Every structure is written in structure tokens, then in C-alpha cells.
Amino acid sequence: PTIQISNISFSDIGTNTMTANWTIVNTNISRSVIYINTTNSFTPPVNGTEPLSNSIYSNSGQQCIYNGVNNSVMITGLLCNTIYYFRAYEANCTSTSSVYNIST
């Protein structure tokens, strides 16, 4: 994909939950992949792989919290007084090949 998702925002912020929202600009992407971490350090998904996602954050390093076609995800398992960083990627897939581009 040459045009990345945009307007990443957060809503429904609670004690241990929040919803991440984004705008899909490029209709040619097959899915969005969203990562969370407690440090601003991310390793991108490897081309040709399919990251498994879990929206319940383990609070232990980088985790894929979303891999799909929608534009939001509710994240649970968050801790109070903790800074969280997010990284978004778009996937452009054909058969078993995935090519990822970084959004943020």
C-alpha cells in the first residue's frame, strides 16, 4: 500500500480498557495490523507472515492487538498510570504473500 491509515485516535478510555480507532484511506489494502507496547520500540511484521492478534494486552512487550479489515479495536488488560505506544501497519496480500507498510 502506498497510502497509510490515518487519524489514529482513542475513545472509551476506562480503568483498564480503551478503543483505538483509525481511518482507512487506501481501499486497496487487505487489512490493518495494530501493535501495542509499553516502550516506543517495535519490530514490524515479516512479509509473508500472518500476525496472530489478541486484544487483551499482556503488558509484556510488543503485542499484535488487531489484524483485520475493520477500523477499531477495544483493548483490555491495560494498567493505570502506564504509557502505551501503538504502531499501525497496512497489509497488501496476494495468495500467501503479505507486504507491510508502516503507518505511524
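D12 sits out in the open in this predicted model, with a relative accessible area of 56%, so it counts as exposed because the cut-off is over 50%. Its backbone is worth a look too: D12 is not a glycine, yet its phi is positive, at about 50 degrees. The chain around D12 is built from seven strands and zero helices.

**Two loop residues with positive phi**
- D12 belongs to the loop that runs between β1 (6-11) and β2 (17-23).
- N81 is another non-glycine residue with a positive phi, this one near 55 degrees.
- You'll find N81 in the loop linking β5 (72-76) and β6 (85-94).
- N81 has a relative accessible area of 86%, which puts it over the 50% cut-off, so N81 is classed as exposed.

**The three-stranded sheet**
- Strands β1, β2 and β5 line up in that order as an open sheet, and the pairing is antiparallel.
- β1 and β5 are the edge strands, each with a pairing partner on one side only.
- On average, neighbouring strands in this sheet are turned by 20 degrees against each other, ignoring direction.
- In general, strands of a sheet are held in their pairing through backbone hydrogen bonds, in either a parallel or an antiparallel arrangement.
- Here, β2 and β5 share five bridges in the antiparallel sense.
- For a spot to click on, try M18, which stands opposite I75 in β5.

**Cysteines**
- How many disulfides does the structure hold? The count is zero.
- As a reminder, a disulfide is a covalent bond joining the sulfur atoms of two cysteines.
- C64 has a relative accessibility of 5%, and because that falls under the 20% cut-off, C64 counts as buried.
- C80 comes in at 46% relative accessible area; that value lies between the 20% and 50% cut-offs, so C80 is partly exposed.

**The chain as a whole**
- Reading along the sequence, the strand pattern is simply β-β-β-β-β-β-β.
- The chain has 104 residues, and 37% of them are buried.
- Among contacts with a sequence separation of 6 or more, 59% are between residues 24 or more positions apart.
- The accessible surface of the chain is about 5,700 Å², and carbon and sulfur atoms contribute 52% of it.

Definitions and conventions:
Residues are numbered from 1 along each chain as its sequence is written. This is a predicted model: local features need pLDDT of at least 70, side-chain atom pairs count only at pLDDT 80 or more; totals for chains, interfaces and linings use all residues. Side-chain values use heavy atoms; hydrogens and water are left out. Helices (H or I, at least four residues) and strands (E, at least two) are DSSP runs, numbered from the N terminus. Buried means under 20% relative accessible area, exposed over 50%, partly exposed in between (1.4 Å probe, protein chains only). Contact means heavy atoms within 4.5 Å. Accessible areas come from the Shrake-Rupley method with a 1.4 Å probe; for residues, only the protein chains shown count as cover. A disulfide is a pair of cysteine sulfur atoms within 2.5 Å. Two strands pair if DSSP finds at least two bridges between them. Axes are lines fitted to C-alpha atoms, for helices over the stretch in contact, and angles run from 0 to 180 degrees between N-to-C directions.
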